[in-house]
Amino acid sequence: MSRRRLMKVTAAAFLVAAIVAVWMSPVRDHMNREDIRAFVEQLRGLWYGPMAFIGIFALACVFALPASIFVLAAGLIWGWVLGGTWAMAGGILGAQAWFF
């Protein structure tokens, strides 16, 4: 088996494992529209929410996780102006951390 094929199979296995883990855990009970909206409202009210988001996004950039997930989440949580600002700050910080 080629290295590229092995990487694809490994990524697919991790994705399936993550879906199964969420499905079999108590988190599944909270994956409904009302609980997600309440969580978003709670994040909007936290004073350290943007700093935590920037740190998590920067760490995700270092580990090469898809940025689109974080950019969309920031836009949904804080709106396009503030969300875009926090996403840009996290992306730049992550790029600098990756470079150094």
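**Exercise 1.** In this predicted model, find which exposed residues sit on the face of helix 3 turned away from its buried side.

*Solution.* Start with the outward side: the face of helix 3 turned away from its buried side carries Met51 and Ile56, both exposed. Now flip to the other side and list what is buried: Gly49, Pro50, Phe53, Ile54, Phe57, Ala58 and Ala60. Look down the helix axis, and these buried residues fall within an arc of 160 degrees, so they line one face of helix 3. Last step, find their partner: the buried residues of helix 3 pack against helix 4.

**Exercise 2.** Work out what span helix 3 should have, and check it against the distance between its end C-alpha atoms.

*Solution.* Helix 3 has 14 residues, and at 1.5 Å a residue the span should be 20 Å. Then take the end C-alpha atoms, which lie 20 Å apart. The two values agree.

**Exercise 3.** Head into the loop between helix 3 and helix 4, and decide whether alanine 64 is buried or exposed.

*Solution.* Alanine 64 has a relative accessible area of 63%. The cut-off for exposed is over 50%, so alanine 64 counts as exposed. While you're there, check the backbone: phi of alanine 64 is positive, near 60 degrees, in a residue other than glycine.

**Exercise 4.** Do likewise for leucine 65, then look up its contacts.

*Solution.* Leucine 65 lies in the loop between helix 3 (49-62) and helix 4 (67-99). Its relative accessibility is 48%, so leucine 65 is partly exposed. Leaving out residues up to four places away in sequence, leucine 65 touches Ala60 and Phe70. Ala60 is also one of the buried residues of helix 3.

Definitions and conventions. Residues numbered from 1 in each chain as written. Predicted model: local features only at pLDDT ≥ 70, side-chain atom pairs only at ≥ 80, totals over all residues. Heavy atoms only, no water. Helix = DSSP H or I, 4+ residues; strand = E, 2+ residues; numbered from the N terminus. Buried < 20%, exposed > 50% of the residue type's maximum accessible area, 1.4 Å probe, protein only. Contact = heavy atoms within 4.5 Å. Expected span 1.5 Å × (residues − 1). Arc of directions from axis to C-beta.
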